[in-house]
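Work through the exercises below with the sequence and the structure side by side. Try each task on your own before you read its solution.

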Amino acid sequence: MSRGVAISAGSFFAAAMRCEAENLITPGQADNLLNALAPYLSKSDKANMMAGGARGAKDSQVFVEAEKKWMTFTPDATGCYHVQSVLDDYKGQLRE
């Protein structure tokens, strides 16, 4: 995966964990999905995801790869709905 996609993924997983903590999405799914994805990730993918997750958690932002920019993330019903959609996309890719 490209560096930008990996950073974006990491930032969305950090956002997912915030949503889970607020009980706005089902708790535990982000960790389960990360564990399921792990065998498919290279060392650089994992490092870039960790970097994206760290910045996302620190700054309350997600990196939107399509726009090549960081955007503010608020763990509310709307923000977490979007995060859940991203998680669902990853789940779908694992099933293919």
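Helices (H or I, at least four residues) and strands (E, at least two) are DSSP runs, numbered from the N terminus. The model is predicted, with local features needing pLDDT of at least 70 and side-chain atom pairs counting only at pLDDT 80 or more, while totals for chains, interfaces and linings use all residues. Residues are numbered from 1 along each chain as its sequence is written, and side-chain values use heavy atoms, with hydrogens and water left out.

**Exercise 1. Locate lysine 68 and serine 60, and state for each whether it is buried, partly exposed or exposed.**

Solution. Begin with the loops: lysine 68 is found between strand S1 and strand S2 (69-72), and serine 60 lies in the loop between H3 and strand S1 (61-64).

Next, look at the backbone angle phi. Lysine 68 has a positive phi of about 55° although it is not a glycine, and serine 60, likewise not a glycine, has a positive phi of about 50°.

Finally, apply the cut-offs, by which buried means under 20% relative accessible area, exposed over 50%, and partly exposed in between (1.4 Å probe, protein chains only). Lysine 68 is exposed because its relative accessible area is 56%, and serine 60 counts as partly exposed because its relative accessibility is 23%.

**Exercise 2. Which residues of H4 are buried, and how are they placed around the axis of H4?**

Solution. First check the length of helix H4 (77-95). The expected span of a helix is 1.5 Å times one less than its number of residues; the 19 residues of H4 should therefore span 27 Å, and this agrees with its end C-alpha atoms, which are 27 Å apart.

Then list the buried residues of H4, which are Gly79, Cys80, Val83, Gln84, Leu87 and Tyr90. They cover an arc of only 135° around the axis, so they lie on the same side of H4, where the arc is that of the directions from the helix axis to the C-beta atoms. An α-helix has 3.6 residues a turn, so residues three or four places apart point the same way.

Now turn to the other side of H4, where Ala77, Thr78, Tyr81, Asp89, Gln93 and Arg95 are exposed. The cover over the buried residues of H4 includes H1 and helix H2 (29-37), with contact meaning heavy atoms within 4.5 Å.

**Exercise 3. Repeat the analysis for H3: which of its residues are buried, which are exposed on the other side, and what covers the buried ones?**

Solution. H3 has 17 residues and reaches 24 Å from its first C-alpha to its last, close to the 24 Å expected at 1.5 Å a residue. Its buried residues are Asp45, Asn48, Met49, Gly52, Gly53 and Gly56. They cover an arc of only 140° around the axis, which puts them on the same side of H3.

On the other side of H3, Lys43, Met50 and Lys58 are exposed, while what covers the buried residues includes H1, H2, S1 and S2.

**Exercise 4. Describe the volume and the lining of the largest pocket, the second largest pocket and the largest cavity.**

Solution. Start from the terms. On a 1 Å grid over the protein atoms alone, a cavity is a set of points where a 1.4 Å probe fits but cannot get out, and a pocket is an open set with protein on both sides within 12 Å along at least five of seven lines; lining residues have an atom within 4 Å of a point. Grid points are joined across faces, edges and corners, and a volume is the space filled by probe spheres set on the points.

The largest pocket holds about 220 Å³ of space. Helix H1 (3-21) and helix H3 (43-59) each supply at least two residues of its lining, which divides into 8 nonpolar, 2 polar and 1 charged. For these classes, Ala, Val, Leu, Ile, Met, Phe, Trp, Tyr, Cys and Pro count as nonpolar, Asp, Glu, Lys and Arg as charged, and the others, Gly among them, as polar.

The second largest pocket has a volume of about 170 Å³, and H4 gives the most to its lining, with 3 residues. By class, this lining has 9 nonpolar, 1 polar and no charged residues.

A search of the whole structure finds 1 cavity of 30 Å³ or more, and the largest cavity has a volume of about 30 Å³. Its lining includes Ser11, Arg18, Ser60 and Phe73, and H1 gives the most to it, with 4 residues.
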